[in-house]
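Please keep the sequence and the three-dimensional view side by side while reading. The paragraphs below go from single strands to the pairing of the chains.

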2 protein chains.
Amino acid sequence: MGINLSNFLSSKSNNTRMIDFQDLDHIDGLSISVLSANLYNNKRDDLSMFYFREGANYASVYTKSKIVSENIKWNLNQSPKKVFSLLVNTRNANAFTGKQGYESLKKIAESMSKELTEKQKQDEDKPQNISPKEILFGCTGTIGESFPFKKINIQIPNLIKKIQYTQNKFIWMKVALGIMTTDTKPKLAMEECKIGNKIVKIYGIAKGSGMIYPNMGTTLAYVFTDATLTNDILSKLLKKNINNTFNAISCDGDTSTNDMITLFATNKVQNSEIKNINEKNIKNFDKSLNNVLLNLAKRVVSDGEGASKFITVNVNKCKNEDDAKKIAFSIANSPLVKTAIAGEDPNWGRIIMAIGKAGVKLNLKKLNVKLGNIKIVQEGKLYINYDEQVAAKYMKSENIEINLEIFTGKKMFTVYTMDFTNKYIQINADYRS
Amino acid sequence: MGINLSNFLSSKSNNTRMIDFQDLDHIDGLSISVLSANLYNNKRDDLSMFYFREGANYASVYTKSKIVSENIKWNLNQSPKKVFSLLVNTRNANAFTGKQGYESLKKIAESMSKELTEKQKQDEDKPQNISPKEILFGCTGTIGESFPFKKINIQIPNLIKKIQYTQNKFIWMKVALGIMTTDTKPKLAMEECKIGNKIVKIYGIAKGSGMIYPNMGTTLAYVFTDATLTNDILSKLLKKNINNTFNAISCDGDTSTNDMITLFATNKVQNSEIKNINEKNIKNFDKSLNNVLLNLAKRVVSDGEGASKFITVNVNKCKNEDDAKKIAFSIANSPLVKTAIAGEDPNWGRIIMAIGKAGVKLNLKKLNVKLGNIKIVQEGKLYINYDEQVAAKYMKSENIEINLEIFTGKKMFTVYTMDFTNKYIQINADYRS
């Protein structure tokens with residue numbers, strides 16, 4: 001199951017190197033601790049703690065759903081200058097759990113603040129008092145089930161006991177597995193780049209797949225850097241780079257109550273101060289961050305429930321990015337397009353249908369449609385040398401590209417998605433228990 | 001295959017009677033002629049002519065897609081006071097066929113106008129010259145294949161030869177079958193009602209299903225009445241009644257390039273003149289027209305590709321109808337909700353997710369969610385006596401109702417859809433040839 005990403009995950013940038021996920025090691029200022037809190041009957045790790053011994057600057061983006069989980073409400077209600085910990089549990093989304101869910105987090109944050117403050121006194125030269133509001137939560141799993149407060153709270157001392165100040169690839173793999181729900185593969189990515197003349201690291205993990213047992217495909221992504229960057233700069237960089245990465249993927253058009261992406265900076269590398277995201281010194285980091293986010297986002301799509309094909313929809317020469325995005329998502333979310341691709345059918349009529357229903361003004365007389373490099377529609381007409389045999393052969397590839405030129409302007413947008421297979425329905429129609 | 005409609009197609013109105021489709025007989029002023037033009041290798045009827053010997057008033061609504069088929073372009077380009085014929089072919093959508101498609105229709109309209117004018121001279125006391133522009137076309141089938149002009153044009157004399165001036169239930173069934181593509185069942189509906197003290201008939205047929213071989217689920221619906229009504233009144237009545245009937249159904253959220261619904265009036269019953277659709281005399285007809293359209297629309301949904309359940313989503317107490325519609329379609333188009341229902345899983349968390357992602361302002365503290373009459377969420381919380389066993393039993397029904405109260409106002413909207421089964425994927429992923 002899952003798609004081999006090696007063909008299309010290569011880094012586009014020349015000045016950053018693509019490192020396979022096995023190689024994540026140490027980010028100064030970050031500790032990771034993972035265990036089983038018996039949320040899945042002790043069958044696997046399900047509770048992960050990220051600890052920043054000197055605190056970290058941070059920025060988050062959350063789901064735009066009008067119904068959000070209690071942990072996202074908690075995170076939105078706090079606005080500390082630095083965070084000291086992120087606690088992530090699986091199996092329970094803490095959504096639609098109301099007061100029980102929110103109060104549970106409050107009590108856990110209180111336990112954590114107390115225990116971590118004790119740890120500070122033991123380990124640090126300048127121990128700090130860690131407040132409950134300096135702790136963030138990520139939750140993913142079933143909606144509407146009572147939040148397992150006791151199971152989680154009782155493990156806080158054990159999580160803290162396990163903290164080690166140097167990380168290696170094993171702990172990164174362990175935590176990437178520990179935050180999974182129905183994912184079939186852990187998702188990790190990293191880049192190294194320079195800010196000014198200082199080398200900094202950007203490490204990221206993510207989860208998200210189809211959506212069997214948890215009610216939907218919550219996406220969680222956590223990205224860590226040892227660079228020194230303010231909350232304001234982190235926030236601007238995250239918002240800028242989320243648009244064409246995590247906001248450009250779609251598995252089935254559904255949106256979770258729990259989506260959460262956070263970028264943390266441990267400030268351990270004394271790089272030159274960045275005051276503005278347009279400065280020359282931050283360009284390299286900006287691009288590398290985009291690579292890490294795009295890499296993780298592609299891994300999420302390629303692990304989409306039942307996926308057999310990775311689909312890239314490039315919409316070019318549009319009046320504006322919003323138009324291009326509408327057309328791209330109209331194609332990417334169309335069950336008819338996605339089932340045709342699953343069936344390896346070059347059924348380009350369905351692509352035309354999806355372009356039409358996007359509701360965007362078109363220049364039909366110039367419209368070009370290609371599957372990979374194969375011309376299908378040229379200047380609004382079926383290409384004179386179109387050969388369905390050639391297109392049918394292309395459809396057997398694991399990596400399908402749909403390339404459009406709209407000719408209403410100069411803007412473009414790319415969306416990544418996967419096909420709809422029998423397996424998707426089987427998985428999602430299975431009764432939960 | 002398909003769903004038994006008997007449980008939920010009963011007429012809601014007291015002053016109109018629900019008649020099963022077998023009973024459609026004669027509408028004065030309308031003739032129907034059906035044959036095989038060899039579009040499906042002579043295996044079935046595929047070409048249908050509706051002929052109005054004295055002309056008919058009419059009004060149409062068409063797809064809102066930005067890419068429309070050539071027959072819809074033709075229909076939009078003509079604006080005759082009366083139409084004399086509607087010709088419907090299946091197998092070929094005449095979409096993305098460009099000049100060849102449009103010119104074919106022009107030539108066919110010319111043949112028809114010539115032959116029908118001859119027929120007028122033979123049969124009528126006051127023969128009329130029938131112009132090409134007084135002919136409409138309906139097309140449904142594969143997109144992008146060259147339009148089979150010769151096969152259709154050669155059959156015009158045969159179609160006209162077969163015209164009989166009195167219709168019966170057999171010809172109605174034949175034409176309802178003749179316009180089908182991948183439908184598994186013909187779709188007919190009728191009502192009788194009064195305008196003033198005159199009884200008039202409203203007969204309708206429709207096609208539309210999933211979307212296997214033709215590239216998408218084109219909906220065609222043609223409704224005929226013997227009442228005397230102007231084009232303006234027909235247009236206003238059609239637009240008014242399409243909103244909560246054909247615009248309230250969804251199979252998979254995709255939109256055809258060829259959707260077309262036309263209402264014809266033969267003006268044979270000398271009812272009182274109607275100048276305004278708010279007049280008391282037209283209320284009864286208005287309601288009956290809604291019944292016919294809703295009946296046909298429900299038949300289209302219940303024949304949705306691979307459907308095993310008929311789903312009704314009622315969104316009540318909304319600020320405005322638009323909000324209610326957004327929430328209802330967000331649920332009806334969610335693959336996760338549709339697969340859960342296929343799996344008979346009362347997975348209400350997915351309904352909550354779909355409500356949230358609709359992007360509409362909610363009153364979460366008051367939100368009520370019911371499956372049929374079973375309370376799930378009451379005042380924004382899981383209902384205290386909720387019993388999943390009871391809900392699971394309900395999900396075994398063929399007819400699933402999702403009932404919401406949003407508490408932001410007084411408006412409501414109802415959407416009809418079907419579930420997503422393995423069969424849907426199988427059918428749509430099958431290679432066309």
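Which residue of β7(A) stands opposite I205(A)? The residue is Y222(A), and this pair is a useful place to begin in what is a predicted model. The strands concerned are β6(A) and β7(A), the latter made of residues 220–225, and they pair in the antiparallel sense over six bridges. Strand β6 of chain A, which spans residues 198–207, is mostly covered, since eight of its 10 residues are buried. β6(A) also pairs with strand β5 of chain A, residues 187–195, and here the two strands run antiparallel and are joined by nine bridges. Within that pairing, K187(A) is found opposite A206(A) of β6(A). The hairpin that β5(A) and β6(A) form has two residues between its strands, and G196(A) there adopts a positive phi near 60 degrees.

A second sheet in chain A can be followed strand by strand. This open sheet has seven strands with mixed pairing, in the order β8-β15-β10-β14-β11-β12-β13. At its edges stand β8 (249–250) and β13 of chain A, each of which has a single partner strand, so that one side of each is left without a neighbour in the sheet. For β8(A) the partner is strand β15 of chain A, residues 411–418, and the two pair in the parallel sense over two bridges; I249(A) is placed opposite Y416(A) of β15(A). As general background, strands of a sheet pair through backbone hydrogen bonds, either parallel or antiparallel. Across β8, β10 (310–318), β14 (399–405) and β15 of chain A lies helix α8, residues 321–332 of the same chain, which runs at about 20 degrees to β15(A).

The next step is to see how the two chains are related. A turn of 180 degrees, with a shift of 0.0 Å along the axis, lays chain A on chain B with an RMSD of 0.0 Å, which is the relation of a two-fold axis. The same surface serves both copies, for 96% of the contact residues of chain A recur in chain B. Among the residues of chain A, N422(A) comes closest to the rotation axis, its C-alpha being at 2.9 Å.

Where the chains meet, 51 residues of chain A are in contact with 49 residues of chain B. On the side of chain A that touches chain B, α9, α10 (348–357), β13 (381–382) and α12 each supply at least two residues, and the largest share, eight residues, comes from α10(A). Sorted by class, this side of chain A holds 21 nonpolar, 19 polar and 11 charged residues.

Helix α9 of chain B, residues 335–342, is mostly covered, with eight of its eight residues buried. What covers these buried residues includes parts of both chains: α9 (335–342) and α12 (422–429) of chain A, together with β10 (310–318), α8 (321–332), α10 (348–357) and β14 (399–405) of chain B. Just after α9(B), E344(B) takes a positive phi of about 55 degrees.

A last stop in chain B is T117(B), which lies in helix α2, residues 98–123. T117(B) counts as partly exposed because 15 C-beta neighbours lie inside 10 Å. Leaving aside neighbours within four places in sequence, T117(B) is in contact with N129(B) and I130(B). The C-alpha atoms of T117(B) and Q128(B) are separated by 6.6 Å, although the two residues are 11 residues apart along the chain.

Definitions and conventions. Residues numbered from 1 in each chain as written. Chains lettered and ligands numbered in written order. Predicted model: local features only at pLDDT ≥ 70, side-chain atom pairs only at ≥ 80, totals over all residues. Least-squares fit on C-alpha atoms with pLDDT ≥ 70 in both. Contact = placed C-beta atoms within 7 Å. Helix = DSSP H or I, 4+ residues; strand = E, 2+ residues; numbered from the N terminus. Buried ≥ 20, exposed ≤ 12 C-beta atoms within 10 Å, placed from the backbone. Nonpolar A, V, L, I, M, F, W, Y, C, P; charged D, E, K, R; others polar. Pairing = 2+ DSSP bridges. Axes fitted to C-alpha atoms, helices over the stretch in contact; angles between N-to-C directions.
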